[in-house]
Amino acid sequence: MSQFSSAFTAASSVSLPPPSFYVSVSKRSFIYCCSSPQSTTTVVNGKFDGKIVERDEIRFGLPSKGRMAGDTLDLLKDCQLSVKQVNPRQYVAQIPQLSNVEVWFQRPRDIVRKLLSGDLDLGIVGLDTVSEYGRGDEDLIIVHDALKYGDCRLSLAIPKYGIFENINSLKELAQMPRWTIDRPLRVATGFTYLGPKFMQENGLKHVIFSTADGALEAAPAMGIADAILDLVSSGTTLRENILKEIEGGVVLESQAVLVASRKALIQRKGALDTTHEILERFEAHLRAADQFMITANMSGSSAEEVAERVLSQPSLSGLQGPTVSPVLCKRDGKVAADYYAIVICVPKKALYKSVQQLRAIGGSGVLISPLTYIFDEETPRWRELLSKLGL
Ligand SMILES: Nc1ncnc2c1ncn2[C@@H]1O[C@H](COP(=O)(O)OP(=O)(O)OP(=O)(O)O)[C@@H](O)[C@H]1O
Ligand SMILES: O=P(O)(O)OC[C@H]1O[C@H](OP(=O)(O)OP(=O)(O)O)[C@H](O)[C@@H]1O
Ligand SMILES: [Mg+2]
């Protein structure tokens, strides 16, 4: 028989207030029923009978503090969407470039909760937070799944010493005969939804969870837990507390994501257009951030011949092949092209290899410039979003 702790399982009911106003609490939602003799209106998670509450502005939730806050503001700034916040304790702000958007600074978990309750329309948080507090709710849609910061993983870790010295995988951990109904594996975690789900999916039967708000890595040494399930980035905190990750123990790889309420995108006027603009700006900036633009001169008999030489090199094919333009000069009274200028984009990490390949085919005067944006044709993520929305 499986045994999972009920220590943090949400209460399934609370005592009822006077008969005309009932409140019940389920795992995810608050349901208010206000009845009068004439009518009964149901508000589920701030939405009236599944319809969103009318308002003019699009509400965008951003992390108010913690490690995601600064990087989120930097990303928006890099996309020319600077947030104007008069002072850091003011929780509402504007993005002058998006006149219909109101920014609300919230704790990451509250951003997810408020997307579900209909009080926010869009948000930026870590995928771990969406998964933990969103609990697979279909109203949450990931619009951009890789904003390239806040990288971490949710991972199970055990002590390097004692009974775990020779345990290096989830399978080996599960097969330890000592875990029983009476003495289950004790896991400390802040991820009280994803933790039990992961253990259940991986067939770990005798597990009990406890929770704390931080510094979970101390729990095994304090004798409170056998293992922890927490976010890992550099691995320093685990190392300093003599803990190790195990094979098969990663629950989730996470980074910052742009997330939206499906109902808001479909029902709220302007929400989809605004999301499209934000998505396009993010995509254009993030694509450009990985690339350099290279211009170089090449001698050659024609643009086609120069292009052929460039395309023979694996790192030089550019976004859609090279742009080749003649460098015109006057020779014996006639205008002629002995040289061609080529323009290509290359991934930053392939820069030096690309310069070497350019030189090998006769390139000279190589100039490297950073790129700010690459606006391509319609982005795959936009098409994906429309298809998720059934549009
Ligand atoms: N060590 C880390 N390295 C990189 N990103 C991380 C790390 N820890 C957390 N994150 C990411 O940053 C998000 C916010 O983490 P942060 O610790 O700032 O806030 P929190 O855990 O929600 O709040 P608090 O720690 O105050 O309870 C996490 O949800 C995760 O996506
Ligand atoms: O692998 P590392 O780079 O060492 O990072 C991992 C640590 O970062 C987070 O804690 P945070 O700094 O948010 O402190 P908290 O425990 O107070 O939330 C996380 O909960 C880990 O403890
Ligand atoms: Mg933290």
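These legends describe close-up views of a predicted model.

**View 1. The annotated catalytic span, residues 107-281.** UniProt lists residues 107-281 as "domain: ATP phosphoribosyltransferase catalytic", in an unreviewed entry. Helix makes up 33% of the span and strand 29%. The C-alpha atoms at its two ends lie 24 Å apart.

**View 2. An open sheet of 5 strands.** The strand order is 12-11-13-10-14. Pairing within the sheet is mixed. Strand 12 (207-210) and strand 14 (243-254) form the edges, each pairing on one side only. On average, neighbouring strands are turned by 25° against each other, direction ignored.

**View 3. Helix 3 against the sheet.** Helix 3 (residues 127-134) packs on this sheet. Its contacts are with strand 10 (152-159), strand 13 and strand 14. The directions of helix 3 and strand 14 make an angle of about 80°. Helix 3 also supplies at least two residues of the shell around ligand 1.

**View 4. Strand 11 and its two partners.** Strand 11 (residues 185-189) runs parallel to strand 13, joined by 3 bridges. Strand 11 also pairs with strand 12 in the parallel sense, over 4 bridges. Val187 has a bridge partner in each of these strands: Ala227 in strand 13 and Phe209 in strand 12.

**View 5. Alternating side chains on edge strand 12.** Strand 12 is one of the edge strands of the sheet. Val207 and Phe209 point to one face and are buried. Ile208 and Ser210 point to the other face and are not buried. Phe209 is also the bridge partner of Val187.

**View 6. The surroundings of ligand 1.** The shell around ligand 1 holds 16 residues. Gly66, Arg67, Gly126, Cys152 and Ser233 come nearest. Helix 1 (67-78), helix 2 (108-117) and helix 3 each give at least two residues to this shell. By type, the shell has 4 nonpolar, 7 polar and 5 charged residues.

**View 7. The surroundings of ligand 2.** Residues around ligand 2 include Gly214, Ala215 and Glu217. Also in this shell are Asp230, Leu231 and Val232, followed by Ser233, Ser234, Gly235, Thr236 and Thr237. Strand 13 (227-232) and helix 7 (236-240) are the elements that give two or more residues. Strand 13 gives the most, with 3 residues. The shell divides into 3 nonpolar, 6 polar and 2 charged residues. Ser233 belongs to this shell and is among the residues that come nearest to ligand 1.

How values were computed:
Residues are numbered from 1 along each chain as its sequence is written. Chains are lettered from A and ligands numbered from 1 in the order in which they are written. This is a predicted model: local features need pLDDT of at least 70, side-chain atom pairs count only at pLDDT 80 or more; totals for chains, interfaces and linings use all residues. A residue is near a molecule or strand if its C-beta atom, placed from the backbone, lies within 6 Å of it. Ala, Val, Leu, Ile, Met, Phe, Trp, Tyr, Cys and Pro count as nonpolar, Asp, Glu, Lys and Arg as charged, and the others, Gly among them, as polar. UniProt positions are given in the numbering used here, feature names are shortened, and annotations may be inferred rather than shown by experiment. Two strands pair if DSSP finds at least two bridges between them. Axes are lines fitted to C-alpha atoms, for helices over the stretch in contact, and angles run from 0 to 180 degrees between N-to-C directions. Two residues are in contact if their C-beta atoms, placed from the backbone, lie within 7 Å. A residue is buried if 20 or more other C-beta atoms lie within 10 Å of its own, exposed if 12 or fewer, and partly exposed in between; C-beta atoms are placed from the backbone.
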